[in-house]
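Work through the exercises below with the sequence and the structure at hand. Try each task before reading its solution.

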Amino acid sequence: MFTPSRTNTSVALALMLSAFFVFPDRGRAQKIDFRNQVLPILKSRCFECHGAPTKTSAGRKKRVKGGLRLDGKGWILLGGDGGKVLSPQDAKRSSLYTRTVLDREDPDIMPAKGKPLSSKETGLLRQWIEQGADFGAWKGDTGAEIPKASSGKNSTKNDSRELIQLLDKLGAKLPFPEQKALIGARDSMGRIVPAIPGSPLLRVDFISKENKIQDVNVEKLASVKGNITQLGLGRTRITDESLKVIGKMSRLTRLDLNNTEISDAGVAHLSPLTELRYLNLYGTSVTNQGLSALSSLSNLRSLYLFETQVTDEGTKQLQTKLPGLKIHLKPDLSSLPTGDGQGRRRRRR
Ligand code: HEC
């Protein structure tokens with residue numbers, strides 16, 4: 001059975017053993033080369049379970065084991081379900097290493113099947129981490145599939161091409177987030193992935209953890225605020241407080257706030273987000289007054305307002321200021337406000 005103290009003891013023991021017998025300290029160790037010495041271990045013993053998600057026979061994506069991918073630098077830095085797995089210079093606090101040196105009977109040992117790594121292999125992993133976990137030029141997989149580019153319909157194709165062009169432009173001179181900032185953001189519990197492969201822009205969502213997510217979680221994203229371009233907070237427990245942080249995410253193109261506790265006061269913080277293309281306020285208490293804060297968002301293309309307090313009158317006003325905007329006040333797209341709006345009561349209750 002798993003108990004923390006037993007695991008700690010076996011980790012400590014294994015650490016001592018590897019320190020004494022495998023790498024007796026003979027002065028300065030040679031620098032480990034990630035690509036040639038560490039990557040082959042991960043590839044042959046870890047990728048099978050911690051690589052790109054494969055499809056089931058039904059075509060559904062299989063989840064990556066432990067929510068952890070090890071086939072890209074970004075993925076490794078992001079860690080898995082249990083948080084980060086790598087603390088550069090500190091192998092003892094890097095589960096990427098400690099999991100490999102557990103007792104071979106320990107249920108937590110990695111690889112989860114087959115023979116344990118050899119002491120030479122675990123030694124390489126440890127040394128590489130102790131030396132600062134330098135990936136060299138290796139990036140590996142940079143993540144994020146492109147949304148539906150291959151799914152037939154032309155409009156989808158054009159949409160995604162347009163999106164990619166936009167993200168290329170927004171990300172052009174942007175530095176990648178610092179390792180430390182990324183690790184800090186990981187504490188938000190969000191799933192953080194590159195918005196498109198190789199881009200420093202990030203997509204963040206909280207899928208399947210929505211009811212645990214509050215303003216404190218969003219605050220943790222402040223360390224990468226300039227890199228976030230897509231943020232999904234639908235059905236979370238955030239309030240107007242979070243919108244203060246979100247209002248500083250200057251490269252945000254897509255924001256989903258559906259069914260949250262936000263109000264007009266929060267929406268007011270969004271007015272600096274001029275790159276915003278898509279905004280979902282469905283199921284919030286936003287009113288016509290809140291909409292007025294959006295009139296500065298000249299790039300906004302889609303605005304979702306089902307089940308809000310917004311009326312035809314409010315959308316008409318916004319529409320005159322943002323003629324290129326498509327406002328979805330009701331799920332039925334064929335009854336978008338046409339200008340008369342008479343005799344149609346929006347509010348049910
Ligand atoms: C046969 C499948 C399999 C292989 C191969 C495998 N793992 Fe895992 N790994 C798992 C499963 C399942 C979990 C989640 C359950 C758990 O935490 O024990 C996991 C979890 C982990 C975690 C914890 C992630 C988190 O955030 O909680 C780490 C670290 C890890 N693996 C490292 C490795 C390393 C390093 C290798 C290669 C040396 C490896 N694994 C190979 C199946 C595998």
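The exercises go from the whole chain to the metal site, then to single residues, in a predicted model.

**Exercise 1. The chain as a whole**

Task: State how many helices and strands the protein has, and what share of its residues is buried.

Solution. Step 1: count the elements; there are 13 helices and seven strands. Step 2: apply the cut-off for burial, which is under 20% relative accessible area. Buried residues make up 44% of the 349 residues. Step 3: turn to the contacts with a separation of 6 or more; residues 24 or more positions apart account for 57% of them.

**Exercise 2. The iron site**

Task: Find which residues coordinate the iron atom of the ligand, and classify the geometry of the site.

Solution. Step 1: look for donor atoms from the protein. They are NE2 of His50 and SD of Met110, at 2.0 to 2.2 Å from the iron atom. Step 2: place the pair in the chain. His50 belongs to helix H3 (residues 47-50), whereas Met110 sits in the loop between helix H5 (95-98) and helix H6 (119-130), and the two are 60 residues apart. Step 3: examine the angles. The ideal values for six octahedral donors are 90 or 180 degrees. Among the six donor atoms here the angles run from 86 to 178 degrees, and the site is octahedral. Step 4: assign the burial of each ligating residue. His50 has a relative accessible area of 11% and is therefore buried. Met110 has 23% relative accessibility, so Met110 counts as partly exposed.

**Exercise 3. The shell around the ligand**

Task: Describe the residues that surround the ligand: how many are there, and which are the closest?

Solution. Step 1: 21 residues surround the ligand, and the closest are Cys46, Cys49, His50, Arg99 and Met110. Step 2: the elements that contribute two or more residues to this shell are H3 and H5. Step 3: sort the shell by residue class, which gives 10 nonpolar, six polar and five charged residues. Step 4: check the polar pairs. His50 has a polar side-chain atom 2.8 Å from a nitrogen atom of the ligand. For Arg99, a polar side-chain atom is 2.8 Å from an oxygen atom of the ligand.

**Exercise 4. Backbone exceptions**

Task: Locate a cis peptide bond and the residues that have a positive phi although they are not glycine.

Solution. Step 1: recall the usual case. Most residues other than glycine have a negative phi, and most peptide bonds are trans. Step 2: the bond between Met110 and Pro111 is cis, with omega about -5 degrees. Pro111 is in the loop between H5 and H6, and its partner Met110 is also a ligand of the iron atom. Step 3: Gln89 has a phi of about 75 degrees and lies in the loop between H4 and H5. With a relative accessible area of 55%, Gln89 is exposed. Step 4: Asn259 has a phi of about 55 degrees and is found in the loop between strand E4 (254-256) and helix H11 (264-267). Asn259 counts as partly exposed, at 33% relative accessibility.

**Exercise 5. Two buried loop residues**

Task: For Ser94 and Pro200, give the position in the chain and the contacts beyond four places in sequence.

Solution. Step 1: Ser94 is in the loop between helix H4 (73-78) and H5. At 0% relative accessibility, Ser94 is buried. Its contacts are Val85, Leu86, Ser87 and Ile129. Step 2: Pro200 lies in the loop between E1 and E2. Its relative accessible area is 7%, so Pro200 is buried as well. The residues that Pro200 touches are Gly171, Leu174, Pro175, Phe176, Pro177 and Asn227. Step 3: take one of these, Asn227. Asn227 is 27 residues from Pro200 in sequence, with a C-alpha to C-alpha distance of 6.5 Å.

**Exercise 6. Helices H8 and H10**

Task: Name the buried residues of H8 and what covers them, then describe Glu241 in H10.

Solution. Step 1: in helix H8 (residues 179-186) the buried residues are Ala181, Leu182, Ile183, Ala185 and Arg186. Step 2: their cover includes H4, strand E1 (191-194) and strand E2 (202-205). Step 3: Glu241 lies in helix H10 (residues 240-246) and is partly exposed, at 40% relative accessibility. Step 4: the side chains of Glu241 and Lys244 make a polar contact of 3.2 Å. The C-alpha atom of Glu241 is separated by 9.1 Å from that of Glu219, 22 residues away along the chain.

Methods. Residues are numbered from 1 along each chain as its sequence is written. This is a predicted model: local features need pLDDT of at least 70, side-chain atom pairs count only at pLDDT 80 or more; totals for chains, interfaces and linings use all residues. Side-chain values use heavy atoms; hydrogens and water are left out. Donors are N, O and S atoms within 2.8 Å of the metal (3.2 Å for Na, K and Ca); water is not among the atoms, so sites may look incomplete. Four donors count as tetrahedral if all angles lie between 85 and 135 degrees; four count as square planar and six as octahedral if opposite donors are over 155 degrees apart and all others between 65 and 115; anything else is irregular. Buried means under 20% relative accessible area, exposed over 50%, partly exposed in between (1.4 Å probe, protein chains only). Contact means heavy atoms within 4.5 Å. A residue is near a molecule or strand if one of its heavy atoms lies within 4 Å of it. A polar contact is a pair of N or O atoms within 3.5 Å; within protein, one must be able to donate a hydrogen and the other to accept it, and residues adjacent in sequence count only if both atoms are side-chain atoms. Ala, Val, Leu, Ile, Met, Phe, Trp, Tyr, Cys and Pro count as nonpolar, Asp, Glu, Lys and Arg as charged, and the others, Gly among them, as polar.
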